[in-house]
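Grab your viewer and a distance tool. Can you work through a few exercises on a protein model and check each solution as you go?

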Amino acid sequence: MNWKSFFLGTAVGLVGGYVTKEILNHKTNVSPEKVLEHVKKQFKQNGTISGSWIHMVAEPYEKHQFSYRVYKGGISKNNNGTNEQFEFIADAQTGTLLDVRPLTEEPVY
């Protein structure tokens, strides 16, 4: 066996594996479960969570003229006996929170 061919094949395999890993890391989404877990950790710092949900399908979203693929979800927490609800939007690629909005209850007529 020719050692030159062996080392060349090994080098090509390593470089190809590294490039494939980088491409997959940049194009794949974080699982919605991990995103929800991250958001819940952030909210737990300020009180007890009573409920949470996340939409399992990433959807397009635009903010400040930037386009994202995002997961949308919600968190309910108990704050001094009052139930507060929040809607969140998180980047599907990184899991980073892009927006959090409190949901206000509308009076029922």
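Below are five exercises, each with a worked solution.

Before you start: this is a predicted model, where local features need pLDDT of at least 70, side-chain atom pairs count only at pLDDT 80 or more, and totals for chains, interfaces and linings use all residues. Residues are numbered from 1 along each chain as its sequence is written, and side-chain values use heavy atoms, with hydrogens and water left out.

**Exercise 1. Sketch the overall layout of the protein chain.**

Step 1: List the elements, taking helices (H or I, at least four residues) and strands (E, at least two) as DSSP runs numbered from the N terminus. You get two helices and five strands, in the order α-α-β-β-β-β-β.

Step 2: Look at burial, where buried means under 20% relative accessible area, exposed over 50%, and partly exposed in between (1.4 Å probe, protein chains only). Of the 109 residues, 22% are buried.

Step 3: Add up the accessible surface (Shrake-Rupley method, 1.4 Å probe; for residues, only the protein chains shown count as cover). The total is about 8300 Å², and carbon and sulfur atoms own 57% of that.

**Exercise 2. Work out what surrounds the side chain of Lys 77.**

Step 1: Place Lys 77 in the chain: it sits in strand β3, residues 66–79.

Step 2: Look for a charged partner. A salt bridge needs a side-chain nitrogen of Lys or Arg within 4 Å of a carboxyl oxygen of Asp or Glu. Lys and Arg count as positive, Asp and Glu as negative, while His and the chain ends are not counted. Lys 77 is buried without a salt bridge, and its nearest side chain of opposite charge, Glu 84, is 4.7 Å away.

Step 3: Try the backbone instead. A polar atom of the Lys 77 side chain lies 2.9 Å from the backbone oxygen of Asn 46.

Step 4: Collect contacts (heavy atoms within 4.5 Å). Leaving aside neighbours within four places in sequence, Lys 77 touches residues including Phe 43, Ile 49, Thr 82 and Phe 86.

**Exercise 3. Track down the salt bridges and say which strands they join.**

Step 1: Search the whole structure; three turn up.

Step 2: Take Lys 72 and Glu 59, whose closest N and O atoms are 3.3 Å apart. Lys 72 lies in strand β3 and Glu 59 in strand β2, so the pair ties together parts 13 residues apart in sequence.

Step 3: Move to Glu 87 and Arg 101, at 3.3 Å from N to O. Glu 87 belongs to strand β4 (residues 82–91) and Arg 101 to strand β5 (residues 97–103), so this pair links parts 14 residues apart in sequence.

Step 4: Add Asp 99, which forms a salt bridge with Arg 101 at 3.9 Å between the closest N and O atoms. Glu 87, Asp 99 and Arg 101 are thus linked in a network.

**Exercise 4. Check the backbone in the loop between β2 and β3.**

Step 1: Read off phi. His 64 has a positive value of about 50° although it isn't a glycine, and Gln 65, also not a glycine, has a positive phi of about 65°.

Step 2: Locate them. His 64 is in the loop between β2 (59–63) and β3, and Gln 65 lies in the loop between β2 and β3.

Step 3: Check accessibility. His 64 is exposed at 66% relative accessible area, and Gln 65 is exposed at 74%.

**Exercise 5. Which residues form a nonpolar patch on the surface?**

Step 1: Apply the patch rule: residues with over 30% relative accessible area and no salt bridge, with like charges joined within 9 Å and nonpolar side chains (Val, Leu, Ile, Met, Phe, Trp, Tyr) within 5 Å.

Step 2: Out come Trp 3, Phe 6 and Phe 7, with about 380 Å² of accessible area together.

Step 3: Zoom in on Trp 3, which lies in helix α1 (residues 3–27) and is exposed at 57% relative accessibility.

Methods
Polar contact = N/O pair within 3.5 Å; in protein donor to acceptor, adjacent residues only side chain to side chain.
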